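Biologist: Could you take me through this structure in questions and answers? Please keep each reply short.

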Amino acid sequence: MQELRDTGYLHNHTRMWFASIWIFTLNLPWPLGADFFFRHLLDGDPASNTLSWRWVAGLQTRGKHYLARAENIQKYSGNRWWPKGELNEDAAPLPADEIPAAGRIDALPSPVPGKRTALWLHEDDLCAESWPGLAGLNLVAIGGDVMPAARAWLPVSEAVIGYSEAALADGLARAGQHYRVPAARITASERHRWLEDQGIEQLVTAYAPVGPAADALVQLGRELGARGIELVQVRRAWDSAFWPHASKGYFQLRERIRPVLLELQIP
């Protein structure tokens, strides 16, 4: 826990040990552990973080949980730790509720050429230079914002906040250089004036499926709609192509990776 607090990072194997000990040895609620990770991990992700905790608990793949074992920890930590006799290595999986069916992914409307357009960067996608469907747009400005504090009710670590801010600055710099238009951090309080000053008619952003960024885009869409500005989300072709195959875990999806890439003509 101290390493996580100090660095904002844990090796994946250590994350599994941590989650298993939290759930099966300390008998703490797994959502609190997932929330703790999300508030401290620099690479915290609302989907993979939550689902990884559910997998360790035996909730996502029913009956297949992960138990941290003292010998495994000793071996792979190079004798740094050896919690012999301290772990519950025989715990049963947590009782699982019915897993909801995988959702559909619907087609998205395309940006309209001719309208004065700005791009909007958010935490889930800071690589605007690779967004699809932007050719021929009347692109006049790029803005963006990150809200790491919205991850949780409890305080988010200063390391996560700093990392998010630096990532946004890097993404804006790259996008501005690529599209050769002004790019700037725009806070929520500055957004209305920025949109007016730039005469924006449509705001284009990357699709966000779930989590704080997705919630923020819903609110942003309402705000823009009230001002007659359209919010258009764009999604990469491989995201749309892989989504229908991502319903039962990685190993099923793995079988489809090469055929889908070949279909998309991606080497």
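What follows is a set of questions and answers on a predicted model.

Biologist: Which strands are the edge strands of the sheet?
Modeller: The sheet is open and parallel, with 5 strands in the order 3-2-1-4-5. An edge strand pairs on one side only. That description fits strand 3 (183-185) and strand 5 (230-234).

Biologist: By what angle are neighbouring strands of this sheet turned against each other on average?
Modeller: The strand order is 3-2-1-4-5, and the pairing is parallel. Ignoring direction, the average turn between neighbouring strands is 25°.

Biologist: Is strand 1 largely enclosed or not enclosed by the rest of the structure?
Modeller: A residue counts as buried under 20% relative accessible area. In strand 1, 5 of the 6 residues are buried. Strand 1 is therefore largely enclosed.

Biologist: How many bridges join strand 1 to strand 2?
Modeller: Strand 1 covers residues 116-121, and strand 2 covers residues 138-144. Arg116 stands opposite Asn138 in strand 2. The two strands run parallel, and the number of bridges joining them is 6.

Biologist: Which residue of strand 4 stands opposite Ala118?
Modeller: Strand 1 also pairs with strand 4 (residues 202-206), in the parallel sense and over 4 bridges. Opposite Ala118 stands Leu203.

Biologist: What is the bridge partner of Gly143 in strand 3?
Modeller: Strand 2 and strand 3 pair in the parallel sense over 3 bridges. The partner of Gly143 is Ala184.

Biologist: At about what angle does helix 6 run to strand 2?
Modeller: Helix 6 spans residues 158-179. It lies across strand 1, strand 2 and strand 3. Its angle to strand 2 is about 170°.

Biologist: Why are the buried residues of helix 4 on the same side?
Modeller: Helix 4 covers residues 48-57, and its buried residues are Asn49, Trp53, Arg54, Val56 and Ala57. They sit on the same side of helix 4 because the arc they cover around the axis is only 160°.

Biologist: Which helices do the buried residues of helix 4 pack against?
Modeller: Trp53 and Val56 are among these buried residues. Past the end of helix 4 comes Gly58, with a positive phi near 90°. The packing partners are helix 2 (12-25) and helix 3 (30-40).

Biologist: Which helix gives the most residues to the largest nonpolar core?
Modeller: That core has 24 residues, and Phe18, Ile23, Phe37 and Trp53 have the most contacts inside it. Helix 2, helix 3 and helix 4 each supply at least two of its residues. The top contributor, with 7 residues, is helix 2.

Biologist: What does Phe18 touch, leaving out residues up to four places away in sequence?
Modeller: Phe18 is one of the residues with the most contacts inside the largest core. Its partners are Met1, Leu10, Phe36, Phe37 and Trp53.

Biologist: How many residues are in the other core?
Modeller: This core lies apart from the largest one. Among its members are Leu126, Leu139, Val146 and Val204. Its residue count is 18.

Biologist: Is Arg15 buried or exposed?
Modeller: Arg15 is found in helix 2. Its relative accessibility is 15%, and the cut-off for burial is under 20%. Arg15 therefore counts as buried.

Biologist: Which side chain does a polar contact of 3.1 Å join to that of Arg15?
Modeller: Beyond four places in sequence, Arg15 is in contact with residues including Tyr9, Leu10, Phe37 and Leu41. The side chain at 3.1 Å in the polar contact belongs to Asp43.

Technical notes. Residues are numbered from 1 along each chain as its sequence is written. This is a predicted model: local features need pLDDT of at least 70, side-chain atom pairs count only at pLDDT 80 or more; totals for chains, interfaces and linings use all residues. Side-chain values use heavy atoms; hydrogens and water are left out. Buried means under 20% relative accessible area, exposed over 50%, partly exposed in between (1.4 Å probe, protein chains only). The arc is that of the directions from the helix axis to the C-beta atoms. Contact means heavy atoms within 4.5 Å. Two strands pair if DSSP finds at least two bridges between them. Axes are lines fitted to C-alpha atoms, for helices over the stretch in contact, and angles run from 0 to 180 degrees between N-to-C directions. A polar contact is a pair of N or O atoms within 3.5 Å; within protein, one must be able to donate a hydrogen and the other to accept it, and residues adjacent in sequence count only if both atoms are side-chain atoms. A nonpolar core is a set of buried Ala, Val, Leu, Ile, Met, Phe, Trp, Tyr and Cys residues joined through side-chain atoms within 4.5 Å.
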